[in-house]
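Please open the model in a viewer and set it to show both cartoon and side chains. The tour proceeds from one selection to the next.

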Amino acid sequence: MSREEPVLVTKSTMPPLQEVVKLLEGVWERAYLTNNGPLLQQFERLIAARNGVADAVAVANGTLAIELLLEAFDIKGEVITTPFTFPATATAICRAGAEPVFVDIDPETWNIDPQAVERAITPNTTAILGVHVFGRPCDVRRLERIAKTNHLRLIYDAAHANFVRTQGKSIFEWGDASSVSFHATKLFHTSEGGACFSPDPEIRAKIRRLRNFGYGANARLTEVGTNAKMMEFAAAVGIVNLRRVDSVIESRRRLYRLYKERLAGIDSLAFQKIDGDETNFGYFPVVFPSEEILLRVIQELNQKNIFPRRYFWPLLSDMTPFAEASSSSLAVAKTVSSRIVCLPFYPDMGEDVVGEICDTIRQFV
Ligand code: T4K
């Protein structure tokens, strides 16, 4: 039997409208909508504090956040990265005037494989761009060692990893710098938005100039920047969403456990390897034993008006702009990408829907 409302892979958490309106009243009184406004500055303080870091530079979206990081470090040459990610990771490298070099992923974490990174280093390599895919931290210590030994920059696309901590530190404290996405589909959002993090205050100051056309002090351009500013509207949504983020994560944790319980005992399914509590419960990805079974499950769910999503497929290395970008084997990335799907996962999703999805999966595996 099909339901009237489709169940999509996610549904934005909507902040209470009255609380947003309250903040917007201030925007109306000030008639100040953007350009480093008071809500933007408040949001930056709050999101940094919630992640336990000194500072955050909020920007218009997570894609521009990666682009600004690469620009801030003047990254050119070859950048080693993963093909198992959203296009923004690799398009940012190209738009910086550098070249993405894809290497394989780890079969359990689905993050960039440090051994493959080491093998791909050439005299032209300048940086490693890791992605904490689905919020699962990369092997940050090994990547740090490799970057140090080879004098490479280590930058993270942490689009999915807001609030995650690993080995006693915020995920944003690893590497030279990190970006995050606050897109509407993320567990925490500002509608559109993102931020850059770096332990280096000079890099943070440079990104603040770059997001504002390249203006330094006294209305003088100091570098060639862009417009990547976050508006007051987005900051208002972020401030209000932040008030409830703990209960959002708690609801996600509950649903995550429910999925795991209901799918327990199906040995042919594989889940992402998570260490302890090093996750923000942002996604619920599952790897099926074959693409054929995956497609049959998706078809059956679609008939029930349920729409899981094949993140991340096709693999970036199989898409036209990146067809030349890898020389090494991407065997693990290829097999994971062809068999993975993210199941619908958001706080107000009914437990009955989780049950229906899991029962459907059981019929096929
Ligand atoms: N790096 C990585 C590793 C990323 O995954 C991303 C983005 C980025 C960088 C770049 O960050 P941003 O520049 O986007 O900040 C979505 C998101 O648009 C994208 O942010 C995200 N990753 C990617 C994994 O997923 P689509 O193409 O799946 O979006 P869409 O519009 O199909 O939405 C998916 C579902 O979400 C819909 O079926 C319903 C729901 N939804 C969507 C929107 C737009 C809502 O409930 N409310 C909404 O407003 O890319």
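A cavity is here a set of grid points where a 1.4 Å probe fits but cannot get out, whereas a pocket is an open set. The model is predicted, and by this definition the structure holds three cavities of 30 Å³ or more.

**Stop 1: the largest cavity**

Select F134, Y256, Q272, I274, T279, F281, G282, Y283 and P285, which line the largest cavity. The space inside the largest cavity amounts to about 50 Å³. How do the residues of this lining divide into nonpolar, polar and charged? Six are nonpolar, three are polar and no charged residue takes part. Rolling a probe the size of a water molecule over the atoms shows where empty space of this kind is left.

**Stop 2: the largest pocket**

Keep Y283 selected and add F86, H183, T185 and K186: of the 30 residues that line the largest pocket, these five are the closest to its centre. The volume of the largest pocket is about 560 Å³. Y283 therefore appears in two selections, since a lining residue is one with an atom within 4 Å of a point, and Y283 is listed for the largest cavity as well as for the largest pocket.

Next, colour the model by domain. Domain 1 (17–242) and domain 2 (245–364) each contribute at least three residues to the lining of the largest pocket. Which secondary-structure elements each supply at least two residues of this lining? They are α3 (62–72), α4 (87–95) and β8 (177–181). Among these, α3 gives the most, with three residues. Coloured by residue class, the lining of the largest pocket shows 13 nonpolar, 13 polar and four charged residues.

**Stop 3: the ligand**

Select the ligand and the residues around it. There are 26 such residues, and T63, D157, H160, S181 and Y311 come nearest. Three side chains are worth labelling with distances. In D157, a side-chain N or O atom is 2.7 Å from a nitrogen atom of the ligand. A polar side-chain atom of S12 also lies by a ligand nitrogen atom, at 2.8 Å. For Y311, the distance from a side-chain N or O atom to an oxygen atom of the ligand is 2.3 Å. On its own the ligand has 920 Å² of accessible area, of which the protein covers 75%.

**Stop 4: backbone geometry**

Stay at Y311 and follow the main chain to F312: the peptide bond that joins them is cis, with omega about -5°. F312 is placed in the loop between α10 (291–303) and α11 (331–339). Move on to W313 and P314, which are also joined by a cis peptide bond, with omega about -5°. P314 lies in the loop between α10 and α11.

Finally, select N36, in the loop between α1 (17–30) and α2 (38–50). What is the sign of phi at N36, which is not a glycine? Phi is positive there, at about 60°. Most residues other than glycine have a negative phi, and most peptide bonds are trans.

Note on methods
Residues numbered from 1 in each chain as written. Predicted model: local features only at pLDDT ≥ 70, side-chain atom pairs only at ≥ 80, totals over all residues. Heavy atoms only, no water. 1 Å grid on protein atoms, 1.4 Å probe; cavity = no way out; pocket = protein on both sides within 12 Å on 5 of 7 lines; lining within 4 Å. Points joined across faces, edges and corners; volume = space filled by probe spheres on them. Helix = DSSP H or I, 4+ residues; strand = E, 2+ residues; numbered from the N terminus. Nonpolar A, V, L, I, M, F, W, Y, C, P; charged D, E, K, R; others polar. Domains from an automatic or database assignment. Near = heavy atom within 4 Å. Polar contact = N/O pair within 3.5 Å; in protein donor to acceptor, adjacent residues only side chain to side chain. Areas by Shrake-Rupley, 256 points an atom, 1.4 Å probe, with all protein chains shown as cover.
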